[in-house]
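Me: I'm new to reading protein models, and the labels people use puzzle me. Could you go through this one with me and explain where the labels come from?

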Amino acid sequence: MRITKPFIFYGILLMALVNMGCKQSKKENQSEMEIETTASKPNPIEETTFGKMPNGTEVKKFTLKNEAGTEVDVITYGGIITRWTAPDRNGFYDDVVLGFDNLDQYLEGNPYFGALIGRYGNRIAKGKFSLDGKTYTLATNDGDNHLHGGEKGFDKVILDAMPKEDEEGAVLVLTYTSEDGEEGYPGKLDVKVTYTLTDDNALDIQYEAVTDKPTVVNLTQHSYFNLSGQLSKPVLDHKIHLNADTYLPVDGGLIPTGEFREVAGTPFDFTEPKLIGKEIEADNEQLGLGQGYDHCWVLNEGKDSFRLAASAYHEKTGRFMEVYTNEPGIQFYSGNFLDGTLPAKGGGTYVKRSGFCLETQHYPDSPNQSDFPSVRLNPGEKYTTRTMYKLSTK
Ligand code: BGC
């Protein structure tokens, strides 16, 4: 058979076109597959708008998710954790942290629900401390004393947020620069706080800071927990364990007196799990001063510096929370100053003791108490501390 040149030309052209078409459709299939794989993978961080500040600045909300189904909402105002869901022993998820439904309610007056606390978590007596012979004066926003960083602590500033994903889970990095002299503290402080939600239901919090002048730092997280999921009900039915043989008694302004007191034989003994409600009304001078538990426990040292500090158990739902930290202390606050005036999420109000806080930290008033571990940070040093809240059931 004689094959003409034009026939060969058109034949080759046709084959080339068919081939291209195949390649093209392969490519399309491939990208469909790629899209499918991306789409079927849960997106661990969702970004939405939570509200607007009075000056118009947008407050963003990031929802961290894990494979287990837990979700943690964090807003850029105060780095506040506004929602944190956890399963009960039957796998039923509930929100286990106190907070509000909207930004306006946070702005109207928030008793630090879910907030990042800085520069100094807890109290500094009379709002004064000295460094290298110079006295610094801070706001006295809690009676005669300074509390949780002052009038506008880190709980009330807008932080920059960068969501990312790594092997550990969903990660939100929050950064903030506190200018030299802000709230009376010396030194420009660059702060970085990383929240990581892991697949085994732990929220790992890494705090970092550097300064350009000697200063004091004590960062913490102020979530109020209610593991029952019924956020407006008292938490007296939760069992607390604190890994601490001593605590710091306080004066009338809740400033440590300097004494390290044994917990044994007192209502402050949580070395074995004990219901919050068991002895909270006992006739005890320290409980009277705090109107319940509002004290710093001196954590026992462990084999590792990052050790179990506390746990909380709600028997009815089976929810169990462990707190790990490398900090020397933990403030256990039983929500004594909640008084039923603040609106609860989804309805009702936050009654007295409807939430408890386990705030890992250096001891209160450390800048004025030379027997306490130092909270001083010098230029060239890096402040790093870590706390992990791990939720499970039993
Ligand atoms: C303190 C309480 C205070 C509360 C603020 C806690 O860290 O220990 O005394 O009332 O924060 O809501």
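Me: What makes strand β3 largely enclosed by the rest of the structure?

Reply: This is a predicted model, so keep that in mind throughout. To be called buried, a residue needs 20 or more other C-beta atoms within 10 Å of its own. In β3, which covers residues 71–75, 4 of the 5 residues are buried, so the strand is largely enclosed.

Me: How do you know that β2 and β3 pair?

Reply: Two strands pair if there are at least two bridges between them. Here 5 bridges join β2 (residues 58–65) to β3, and the two run antiparallel. You can look for K65, which stands opposite E71 in β3. The hairpin of β2 and β3 has 5 residues between the strands, and G69 takes a positive phi near 110° there.

Me: And what makes β3 and β4 a pair?

Reply: The cut-off is at least two bridges. β3 and β4 (residues 81–87) have 3 bridges in the antiparallel sense, so they pair by that rule. V74 stands opposite I81 in β4. This hairpin has 5 residues between the strands, with G78 at a positive phi near 70°.

Me: Which residues have the most contacts inside the largest nonpolar core?

Reply: They are V74, W297 and I330, in a core of 90 residues. Leaving out residues up to four places away in sequence, V74 touches F62, L64, G79, I80, I81, L172 and Y195. In soluble globular proteins, nonpolar side chains tend to be buried together.

Me: Why are β11 and β20 said to stand at the edges of their sheet?

Reply: Start with the sheet: 9 strands form an open sheet in the order β11-β12-β13-β14-β27-β23-β22-β17-β20, with antiparallel pairing. β11 (160–166) and β20 (274–275) each have a single partner strand, so one side of each is left without a neighbour in the sheet. Inside that order, β13 (residues 189–198) and β14 (residues 202–211) pair over 9 bridges in the antiparallel sense, and V193 stands opposite Y207 in β14.

Me: What makes β25 mostly covered?

Reply: 5 of its 5 residues are buried. C357, E359 and Q361 point one way from the strand, L358 and T360 point the other way, and all are buried. β25 also pairs with β24 over 5 bridges, in the antiparallel sense, with F332 opposite L358.

Me: Which strands each supply at least two residues of the shell around the ligand?

Reply: β24 (329–333) and β25 (357–361) do. The ligand is surrounded by P111, Y112, L254, D294, Q331, Y333, F337, C357 and E359. Sorted by type, the shell holds 6 nonpolar, 1 polar and 2 charged residues.

Me: Why is L254 called buried?

Reply: The label needs 20 or more other C-beta atoms within 10 Å. L254 has 23, so it counts as buried. L254 lies in the loop between β18 (246–248) and β19 (261–262), and its phi is positive, about 65°, although it is not a glycine. Most residues other than glycine have a negative phi.

Me: Why does D365 count as buried?

Reply: Try the cut-off of 20 once more. D365 has 27 C-beta neighbours inside 10 Å, so D365 passes. D365 sits in the loop between β25 and β26 (376–377), and its phi is near 60°, again positive in a residue other than glycine.

Me: Where is the peptide bond that is cis?

Reply: It runs from G118 to R119, and its omega is near 0°. R119 lies in the loop between β6 (115–117) and β7 (123–124). Most peptide bonds are trans.

Me: How confident is the predictor, and where is the pLDDT below 50?

Reply: The protein averages a pLDDT of 91, and 89% of the residues score at least 70. Over residues 1–40, though, the pLDDT is below 50, and this stretch has 1 contact in the model beyond near neighbours in sequence. Where pLDDT is low, the predicted coordinates should not be read in detail.

Note on methods
Residues are numbered from 1 along each chain as its sequence is written. This is a predicted model: local features need pLDDT of at least 70, side-chain atom pairs count only at pLDDT 80 or more; totals for chains, interfaces and linings use all residues. A residue is near a molecule or strand if its C-beta atom, placed from the backbone, lies within 6 Å of it. Helices (H or I, at least four residues) and strands (E, at least two) are DSSP runs, numbered from the N terminus. Ala, Val, Leu, Ile, Met, Phe, Trp, Tyr, Cys and Pro count as nonpolar, Asp, Glu, Lys and Arg as charged, and the others, Gly among them, as polar. A residue is buried if 20 or more other C-beta atoms lie within 10 Å of its own, exposed if 12 or fewer, and partly exposed in between; C-beta atoms are placed from the backbone. A nonpolar core is a set of buried Ala, Val, Leu, Ile, Met, Phe, Trp, Tyr and Cys residues joined through C-beta atoms within 7 Å. Two residues are in contact if their C-beta atoms, placed from the backbone, lie within 7 Å. pLDDT is the predictor's confidence in each residue, from 0 to 100.
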